[in-house]
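Trainee: Please take me through one part of this model up close. I would like to look at the nonpolar core, and to know how far the model can be trusted there.

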Amino acid sequence: MNNHHPSGLATPLAPTRVEHHVSIRPVRTADAEVCGRIIHDAFAGIAAAHGFPKDFPSGESGIALARALAEDPAYYGVVATIGETVVGSNFLSKVDEVRGVGPITVDPSRQAEGIGRQLMQAVLDRAQDAASVRLVQDAFNTRSLALYASLGFEVQAPLLLMHGTPRGEMAGGMRVRPMEEADIPACDALCSAAHGVTRTQELRQAIGRHAPMVLERHGRMVGYLTAPGVWLANHGVAETEQDMAALLAGAATARGEPISLLLPSCQAGLLRWCLAEGMRVVKPMTLMSRGRYRQPAHCWFPSVFY
Ligand SMILES: CC(C)(COP(=O)(O)OP(=O)(O)OC[C@H]1O[C@@H](n2cnc3c(N)ncnc32)[C@H](O)[C@@H]1OP(=O)(O)O)[C@@H](O)C(=O)NCCC(=O)NCCS
């Protein structure tokens, strides 16, 4: 085989692809077990290859996630099959107006064979009516970054998964308290001012599931976060970096346990504050979007979707 470019330079050989007949179909609850194991194994594999900790502690936690997503009508899920065997899955969040993609995983023994591209295309076809589709990927995963970029996703922000227990002083007039249903309009207004979109349903879900918190400054709501103990589901907005620092410290104090979040690392002052408070960087990630995206007007951090 001629491996030379017209320039005379040697070009690297493309990896050989094994041809299988791959079908894509909607996920069923009965797929949860195999999908969950693949979710665990695929993420554990890429993390171990780069020396990072696992996202999912066990196969059971992957299965619980796959089951929850497969049974939730707010998510559209697909599986890839070869014959009767499920070899991968992908999900699209339809909770609010921005669509979020993931988790996408392919059985480690079937990766780099074109299956991930088909799973992505299937959810993008489903998201055709959405103005914006977003996702967060592991920055060290060159394959997923290349795949998403080739499908039209653009890098919007470098992120750092931060974990720890900040203990900053609460300035006078500041109060952190649990989010209530009645706070949703003010949270929506803050989110809209920052991002130009709202996440009303997600906020409503967070109140039942994740102990979200708000920050008041002199009685006015100036910040919120949705899931201080679960970074995958935790997104937040605050008017200023100082407000966000107060919110993070207040949430950690109220919980009495560490918090975690995906911090956009270009918010340099907030990153320095997190480090000074003893928080640790777990891993780098990247926010990518396809379609409409506006640089946030306030201090913010995304969940694993956006
Ligand atoms: C990420 C993942 C879903 C991709 O699925 P996959 O079936 O392995 O990927 P595919 O073979 O469909 O596509 C990979 C594409 O990236 C390209 N690619 C891979 N490495 C690349 C690199 N270093 N530079 C440029 N392109 C690269 C491939 O050539 C291919 O593009 P092509 O279709 O134009 O040939 C899968 O590898 C996986 O499960 N990884 C572990 C879990 C994970 O990280 N999930 C993503 C979470 S964000």
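Mentor: Start with residues 1–7, where pLDDT stays under 50. The model has nine contacts beyond four places in sequence for this stretch. Where pLDDT is low, the predicted coordinates should not be read in detail. So leave that end aside, as this is a predicted model and such coordinates call for caution. The chain as a whole has a mean pLDDT of 94. In the protein chain, 94% of residues reach 70 or more.

Now the core. The largest nonpolar core holds 30 residues. Which of them touch the most other members? They are L159, L262 and L287. Several elements each supply at least two residues: the helices α1 (32–50) and α2 (59–71), and the strands β2 (75–82), β3 (85–93), β7 (154–164) and β13 (280–291). The largest share is four residues, and it comes from α1. Domain 1 (22–130) and domain 2 (162–301) each give this core at least three residues.

Look closely at L159. Leaving out residues up to four places away in sequence, L159 touches V136, L262, L263, P264 and S265. Its other contacts on that count are K283, P284, M285, T286, L287 and P302. Both L262 and L287 are on this list.

There is also a second, separate core. That one has 27 residues, among them L225, M244, A249 and A251.

One record helps with place names. An unreviewed UniProt entry lists residues 22–175 as "domain: N-acetyltransferase". In the model, this span is 34% helix and 31% strand. Its end C-alpha atoms lie 54 Å apart.

How values were computed. Residues numbered from 1 in each chain as written. Predicted model: local features only at pLDDT ≥ 70, side-chain atom pairs only at ≥ 80, totals over all residues. Heavy atoms only, no water. Core = buried A, V, L, I, M, F, W, Y, C linked by side-chain atoms within 4.5 Å. Buried < 20%, exposed > 50% of the residue type's maximum accessible area, 1.4 Å probe, protein only. Domains from an automatic or database assignment. Contact = heavy atoms within 4.5 Å. UniProt positions renumbered as here; feature names shortened; annotations may be inferred. pLDDT = per-residue confidence, 0-100.
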